[in-house]
Amino acid sequence: MGMERKALVTGGSRGIGRAIAEALLRQGVGVAIASRHPGEAAEALKREGLPALALPVDLEKDPPEALVAEAAEALGGLHILVHAAAVNVRKPALELSYEEWRRVLYLHLDVAFLLAKAAFPHMAQAGFGRVIFLGSVTTFTAGGPVPIPAYTTAKTALLGLTRALAKEWAPHGIRVNLLCPGYVETEFTLPVRQNPALYGPITARIPLGRWAKPEEIAQVAAFLAGEGAEYLTGQAVVVDGGFLAY
Ligand SMILES: NC(=O)c1ccc[n+]([C@@H]2O[C@H](COP(=O)([O-])OP(=O)(O)OC[C@H]3O[C@@H](n4cnc5c(N)ncnc54)[C@H](OP(=O)(O)O)[C@@H]3O)[C@@H](O)[C@H]2O)c1
(Lines give C-alpha, C1' and ligand atoms only; values in the text may rest on other atoms or scores of the structure.)
Protein backbone atom coordinates (compact mmCIF):
# COMPACT_ATOMS: atom_id res chain seq x y z
CA MET A 1 0.00 0.00 0.00
CA GLY A 2 1.11 3.57 -0.66
CA MET A 3 0.03 5.92 2.12
CA GLU A 4 -0.84 4.40 5.44
CA ARG A 5 -4.50 3.44 5.59
CA LYS A 6 -6.61 3.98 8.69
CA ALA A 7 -9.36 1.67 9.86
CA LEU A 8 -12.17 1.69 12.42
CA VAL A 9 -13.25 -1.78 13.53
CA THR A 10 -16.33 -1.97 15.75
CA GLY A 11 -16.54 -5.13 17.83
CA GLY A 12 -12.75 -5.19 17.63
CA SER A 13 -12.29 -6.46 21.19
CA ARG A 14 -12.92 -10.13 20.43
CA GLY A 15 -14.07 -12.70 17.90
CA ILE A 16 -14.20 -11.84 14.22
CA GLY A 17 -13.70 -8.08 14.74
CA ARG A 18 -10.58 -8.66 16.77
CA ALA A 19 -9.15 -11.04 14.17
CA ILE A 20 -9.89 -8.48 11.45
CA ALA A 21 -8.18 -5.74 13.46
CA GLU A 22 -5.14 -7.96 13.84
CA ALA A 23 -5.03 -8.87 10.13
CA LEU A 24 -5.24 -5.19 9.17
CA LEU A 25 -2.52 -4.24 11.66
CA ARG A 26 -0.27 -6.90 10.14
CA GLN A 27 -0.85 -5.24 6.74
CA GLY A 28 0.42 -1.96 8.16
CA VAL A 29 -3.01 -0.36 8.55
CA GLY A 30 -3.55 2.01 11.49
CA VAL A 31 -6.44 0.57 13.46
CA ALA A 32 -8.90 1.80 16.09
CA ILE A 33 -10.87 -0.92 17.83
CA ALA A 34 -14.21 0.16 19.26
CA SER A 35 -16.36 -1.73 21.74
CA ARG A 36 -17.60 -1.38 25.29
CA HIS A 37 -14.35 -2.83 26.69
CA PRO A 38 -11.57 -2.60 24.09
CA GLY A 39 -8.67 -2.05 26.52
CA GLU A 40 -7.62 -5.64 27.12
CA ALA A 41 -7.54 -6.51 23.40
CA ALA A 42 -5.52 -3.37 22.63
CA GLU A 43 -3.04 -4.31 25.36
CA ALA A 44 -2.69 -7.86 24.03
CA LEU A 45 -2.15 -6.61 20.48
CA LYS A 46 0.42 -4.12 21.72
CA ARG A 47 2.35 -6.96 23.38
CA GLU A 48 2.52 -8.60 19.95
CA GLY A 49 3.98 -5.42 18.50
CA LEU A 50 0.67 -4.37 16.95
CA PRO A 51 -0.37 -1.09 18.57
CA ALA A 52 -4.07 -0.34 18.12
CA LEU A 53 -6.10 2.54 19.40
CA ALA A 54 -8.81 1.53 21.91
CA LEU A 55 -12.05 3.52 21.70
CA PRO A 56 -14.56 2.57 24.40
CA VAL A 57 -18.12 2.96 23.14
CA ASP A 58 -21.52 1.42 23.71
CA LEU A 59 -23.07 1.46 20.26
CA GLU A 60 -26.48 0.61 21.68
CA LYS A 61 -26.42 3.99 23.44
CA ASP A 62 -23.69 6.28 22.09
CA PRO A 63 -24.04 8.05 18.73
CA PRO A 64 -22.14 6.22 15.97
CA GLU A 65 -21.30 9.57 14.33
CA ALA A 66 -19.31 10.63 17.40
CA LEU A 67 -17.32 7.39 17.28
CA VAL A 68 -16.40 7.94 13.63
CA ALA A 69 -15.37 11.54 14.34
CA GLU A 70 -13.24 10.40 17.27
CA ALA A 71 -11.58 7.63 15.25
CA ALA A 72 -10.83 9.84 12.25
CA GLU A 73 -9.41 12.52 14.51
CA ALA A 74 -7.22 10.16 16.53
CA LEU A 75 -6.03 8.14 13.53
CA GLY A 76 -5.57 11.16 11.27
CA GLY A 77 -8.04 9.97 8.62
CA LEU A 78 -10.37 7.09 7.92
CA HIS A 79 -10.27 4.77 4.88
CA ILE A 80 -11.66 1.48 6.13
CA LEU A 81 -14.79 0.82 8.17
CA VAL A 82 -15.60 -2.62 9.54
CA HIS A 83 -18.80 -3.03 11.57
CA ALA A 84 -18.52 -6.26 13.54
CA ALA A 85 -20.20 -5.34 16.85
CA ALA A 86 -22.85 -7.91 17.59
CA VAL A 87 -25.81 -8.74 19.77
CA ASN A 88 -28.36 -11.51 19.33
CA VAL A 89 -31.62 -12.63 20.90
CA ARG A 90 -32.31 -16.26 20.12
CA LYS A 91 -36.09 -16.67 20.40
CA PRO A 92 -38.91 -17.63 18.04
CA ALA A 93 -40.82 -14.68 16.59
CA LEU A 94 -43.85 -15.25 18.81
CA GLU A 95 -41.68 -14.90 21.93
CA LEU A 96 -39.62 -11.96 20.68
CA SER A 97 -40.71 -8.58 22.08
CA TYR A 98 -40.68 -5.47 19.95
CA GLU A 99 -37.89 -4.08 22.17
CA GLU A 100 -35.74 -7.17 21.51
CA TRP A 101 -36.47 -6.93 17.78
CA ARG A 102 -35.47 -3.23 17.74
CA ARG A 103 -32.33 -3.91 19.79
CA VAL A 104 -30.97 -6.43 17.29
CA LEU A 105 -32.04 -4.44 14.22
CA TYR A 106 -30.57 -1.24 15.67
CA LEU A 107 -27.05 -2.51 16.41
CA HIS A 108 -26.62 -4.53 13.21
CA LEU A 109 -28.47 -2.39 10.66
CA ASP A 110 -29.14 1.16 11.88
CA VAL A 111 -25.66 1.53 13.35
CA ALA A 112 -24.14 0.22 10.08
CA PHE A 113 -25.98 2.95 8.17
CA LEU A 114 -25.03 5.69 10.63
CA LEU A 115 -21.35 4.66 10.81
CA ALA A 116 -21.01 4.47 7.03
CA LYS A 117 -22.72 7.79 6.50
CA ALA A 118 -20.40 9.46 9.00
CA ALA A 119 -17.36 7.77 7.43
CA PHE A 120 -18.25 8.89 3.90
CA PRO A 121 -16.69 12.40 3.94
CA HIS A 122 -13.37 11.05 5.23
CA MET A 123 -13.24 8.34 2.56
CA ALA A 124 -14.44 10.63 -0.22
CA GLN A 125 -11.80 13.18 0.71
CA ALA A 126 -9.11 10.49 0.41
CA GLY A 127 -10.65 9.12 -2.81
CA PHE A 128 -10.38 5.68 -1.23
CA GLY A 129 -12.81 3.87 0.99
CA ARG A 130 -13.62 0.33 2.03
CA VAL A 131 -16.80 -0.40 3.94
CA ILE A 132 -17.22 -3.94 5.22
CA PHE A 133 -20.44 -4.90 6.93
CA LEU A 134 -20.81 -8.29 8.57
CA GLY A 135 -23.54 -10.43 7.05
CA SER A 136 -23.96 -14.13 7.66
CA VAL A 137 -25.30 -17.25 6.03
CA THR A 138 -28.54 -15.88 7.51
CA THR A 139 -28.31 -13.14 4.86
CA PHE A 140 -29.62 -15.91 2.58
CA THR A 141 -31.44 -18.33 4.89
CA ALA A 142 -33.47 -18.23 8.10
CA GLY A 143 -30.47 -19.77 9.82
CA GLY A 144 -29.81 -23.10 11.49
CA PRO A 145 -31.86 -24.91 14.12
CA VAL A 146 -32.02 -21.87 16.48
CA PRO A 147 -34.72 -19.29 15.68
CA ILE A 148 -33.18 -15.80 15.27
CA PRO A 149 -35.84 -13.81 13.41
CA ALA A 150 -34.53 -10.29 14.12
CA TYR A 151 -30.92 -11.26 13.40
CA THR A 152 -31.70 -12.93 10.08
CA THR A 153 -33.81 -9.93 9.06
CA ALA A 154 -30.98 -7.53 9.91
CA LYS A 155 -28.40 -9.62 8.03
CA THR A 156 -30.60 -9.79 4.93
CA ALA A 157 -31.36 -6.07 5.07
CA LEU A 158 -27.64 -5.35 5.22
CA LEU A 159 -27.33 -6.73 1.70
CA GLY A 160 -29.74 -4.05 0.53
CA LEU A 161 -27.74 -1.37 2.29
CA THR A 162 -24.50 -2.79 0.87
CA ARG A 163 -25.85 -2.61 -2.68
CA ALA A 164 -27.33 0.86 -2.25
CA LEU A 165 -24.14 2.38 -0.83
CA ALA A 166 -21.90 0.52 -3.30
CA LYS A 167 -23.87 2.07 -6.15
CA GLU A 168 -24.04 5.58 -4.70
CA TRP A 169 -20.44 5.77 -3.54
CA ALA A 170 -18.56 4.00 -6.34
CA PRO A 171 -17.69 7.32 -8.06
CA HIS A 172 -15.85 8.35 -4.88
CA GLY A 173 -13.53 5.34 -4.84
CA ILE A 174 -15.50 3.71 -2.04
CA ARG A 175 -16.20 -0.03 -2.21
CA VAL A 176 -18.91 -1.52 -0.01
CA ASN A 177 -19.21 -5.24 0.63
CA LEU A 178 -20.98 -7.64 2.95
CA LEU A 179 -18.73 -10.30 4.44
CA CYS A 180 -20.89 -13.33 5.25
CA PRO A 181 -19.31 -15.91 7.55
CA GLY A 182 -20.79 -19.31 8.21
CA TYR A 183 -20.38 -20.76 11.69
CA VAL A 184 -17.38 -19.30 13.50
CA GLU A 185 -15.82 -20.22 16.86
CA THR A 186 -16.40 -17.05 18.89
CA GLU A 187 -18.06 -16.11 22.17
CA PHE A 188 -21.13 -15.16 20.12
CA THR A 189 -21.76 -18.79 19.21
CA LEU A 190 -20.69 -20.31 22.56
CA PRO A 191 -24.26 -21.11 23.71
CA VAL A 192 -24.85 -22.96 20.42
CA ARG A 193 -21.51 -24.81 20.49
CA GLN A 194 -22.06 -25.90 24.11
CA ASN A 195 -25.37 -27.53 23.22
CA PRO A 196 -24.63 -30.95 21.66
CA ALA A 197 -28.15 -31.15 20.19
CA LEU A 198 -27.30 -28.07 18.12
CA TYR A 199 -23.55 -28.40 17.61
CA GLY A 200 -23.74 -31.89 16.08
CA PRO A 201 -26.37 -31.26 13.41
CA ILE A 202 -24.90 -27.87 12.44
CA THR A 203 -21.38 -29.25 12.10
CA ALA A 204 -22.67 -32.21 10.08
CA ARG A 205 -24.18 -29.74 7.57
CA ILE A 206 -20.86 -28.00 6.90
CA PRO A 207 -19.14 -29.66 3.92
CA LEU A 208 -15.71 -28.76 5.32
CA GLY A 209 -16.77 -30.60 8.47
CA ARG A 210 -15.80 -27.95 11.01
CA TRP A 211 -16.49 -24.41 12.18
CA ALA A 212 -14.31 -21.51 11.06
CA LYS A 213 -11.62 -19.85 13.13
CA PRO A 214 -12.05 -16.05 13.29
CA GLU A 215 -8.72 -15.69 11.46
CA GLU A 216 -10.16 -17.48 8.42
CA ILE A 217 -12.83 -14.79 8.13
CA ALA A 218 -10.30 -12.04 8.84
CA GLN A 219 -8.12 -13.08 5.89
CA VAL A 220 -10.99 -12.35 3.52
CA ALA A 221 -11.79 -9.07 5.28
CA ALA A 222 -8.17 -7.99 4.88
CA PHE A 223 -8.40 -8.76 1.16
CA LEU A 224 -11.65 -6.77 0.82
CA ALA A 225 -10.01 -3.85 2.65
CA GLY A 226 -7.01 -3.74 0.35
CA GLU A 227 -6.05 -2.58 -3.14
CA GLY A 228 -6.64 -6.07 -4.54
CA ALA A 229 -10.39 -5.67 -4.15
CA GLU A 230 -10.60 -2.53 -6.29
CA TYR A 231 -13.15 -4.07 -8.70
CA LEU A 232 -15.22 -5.78 -6.00
CA THR A 233 -18.25 -3.87 -4.71
CA GLY A 234 -21.89 -4.37 -3.76
CA GLN A 235 -21.29 -8.06 -3.07
CA ALA A 236 -22.04 -10.59 -0.42
CA VAL A 237 -18.81 -12.54 0.05
CA VAL A 238 -19.70 -15.84 1.68
CA VAL A 239 -17.04 -17.65 3.73
CA ASP A 240 -18.92 -20.63 5.13
CA GLY A 241 -17.02 -23.88 4.56
CA GLY A 242 -19.65 -24.75 1.94
CA PHE A 243 -22.67 -24.42 4.31
CA LEU A 244 -24.91 -22.74 1.73
CA ALA A 245 -23.81 -25.17 -0.97
CA TYR A 246 -24.97 -28.17 1.06
N1 LIG B 1 -19.64 -16.12 15.11
C2 LIG B 1 -20.32 -16.48 14.04
O3 LIG B 1 -20.53 -17.68 13.82
C4 LIG B 1 -20.84 -15.46 13.08
C5 LIG B 1 -21.40 -15.93 11.89
C6 LIG B 1 -21.88 -15.03 10.95
C7 LIG B 1 -21.80 -13.68 11.22
N8 LIG B 1 -21.26 -13.23 12.40
C9 LIG B 1 -21.21 -11.79 12.59
O10 LIG B 1 -19.87 -11.39 12.75
C11 LIG B 1 -19.83 -10.24 13.59
C12 LIG B 1 -18.90 -10.52 14.76
O13 LIG B 1 -19.41 -11.61 15.52
P14 LIG B 1 -18.52 -12.40 16.58
O15 LIG B 1 -18.92 -13.82 16.49
O16 LIG B 1 -17.12 -12.02 16.44
O17 LIG B 1 -19.14 -11.81 17.94
P18 LIG B 1 -18.47 -11.71 19.41
O19 LIG B 1 -17.30 -12.60 19.54
O20 LIG B 1 -19.60 -11.86 20.38
O21 LIG B 1 -17.95 -10.22 19.44
C22 LIG B 1 -18.87 -9.19 19.45
C23 LIG B 1 -18.16 -7.88 19.53
O24 LIG B 1 -19.12 -6.83 19.59
C25 LIG B 1 -18.80 -5.97 20.67
N26 LIG B 1 -20.05 -5.39 21.16
C27 LIG B 1 -21.15 -6.03 21.62
N28 LIG B 1 -22.09 -5.16 22.00
C29 LIG B 1 -21.58 -3.93 21.76
C30 LIG B 1 -22.07 -2.62 21.96
N31 LIG B 1 -23.27 -2.38 22.48
N32 LIG B 1 -21.28 -1.57 21.60
C33 LIG B 1 -20.05 -1.78 21.08
N34 LIG B 1 -19.54 -3.01 20.88
C35 LIG B 1 -20.29 -4.07 21.22
C36 LIG B 1 -18.09 -6.87 21.69
O37 LIG B 1 -17.19 -6.17 22.52
P38 LIG B 1 -17.52 -5.62 24.00
O39 LIG B 1 -18.10 -6.74 24.79
O40 LIG B 1 -16.19 -5.13 24.48
O41 LIG B 1 -18.50 -4.50 23.79
C42 LIG B 1 -17.27 -7.75 20.76
O43 LIG B 1 -16.08 -7.10 20.39
C44 LIG B 1 -21.28 -9.94 13.97
O45 LIG B 1 -21.83 -9.03 13.05
C46 LIG B 1 -21.94 -11.28 13.81
O47 LIG B 1 -23.31 -11.13 13.58
C48 LIG B 1 -20.78 -14.09 13.33
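**Ligand contacts and two buried residues**

Reader: How far does a backbone N or O atom of V184 lie from an oxygen atom of the ligand?
Author: On the protein side the atom belongs to the backbone of V184, and its partner is an oxygen atom of the ligand. A polar contact is a pair of N or O atoms within 3.5 Å. The V184 pair is separated by 2.8 Å.

Reader: Which residue places an N or O atom of its side chain 2.9 Å from an oxygen atom of the ligand?
Author: This is a predicted model, in which local features need pLDDT of at least 70, side-chain atom pairs count only at pLDDT 80 or more, and totals for chains, interfaces and linings use all residues. Residues are numbered from 1 along each chain as its sequence is written, and side-chain values use heavy atoms, with hydrogens and water left out. I16 reaches a ligand oxygen atom through a backbone N or O atom, at 2.7 Å. The side chain at 2.9 Å is that of R14.

Reader: What percentage of the ligand's area does the protein bury?
Author: Taken alone, the ligand exposes 890 Å², an accessible area found by the Shrake-Rupley method with a 1.4 Å probe. Of that area, the protein buries 97%.

Reader: Which elements give two or more residues to the shell around the ligand?
Author: The ligand is surrounded by 30 residues, each with a heavy atom within 4 Å of it. The closest are I16, S35, R36, Y151 and T186. By class, the shell has 12 nonpolar, 12 polar and 6 charged residues. The helices (DSSP runs of H or I, at least four residues) that meet this condition are α1 and α5 (149–169).

Reader: Why does I206 count as buried or exposed, and what is its relative accessible area?
Author: I206 belongs to the loop joining α7 (196–204) and α8. From Y151, I206 is 55 residues away in sequence and 21 Å away in space, C-alpha to C-alpha. Buried means under 20% relative accessible area, and exposed over 50%, with a 1.4 Å probe and protein chains only. I206 therefore counts as buried, because its relative accessible area is 5%.

Reader: What distance separates the C-alpha atoms of L55 and A42?
Author: L55 sits in strand β3 (residues 53–56), a strand being a DSSP run of E with at least two residues. L55 is buried, since its relative accessible area is 4%. Along the chain, L55 and A42 are 13 residues apart. Their C-alpha atoms are separated by 9.5 Å.

Notes: A polar contact is a pair of N or O atoms within 3.5 Å; within protein, one must be able to donate a hydrogen and the other to accept it, and residues adjacent in sequence count only if both atoms are side-chain atoms. Ala, Val, Leu, Ile, Met, Phe, Trp, Tyr, Cys and Pro count as nonpolar, Asp, Glu, Lys and Arg as charged, and the others, Gly among them, as polar.
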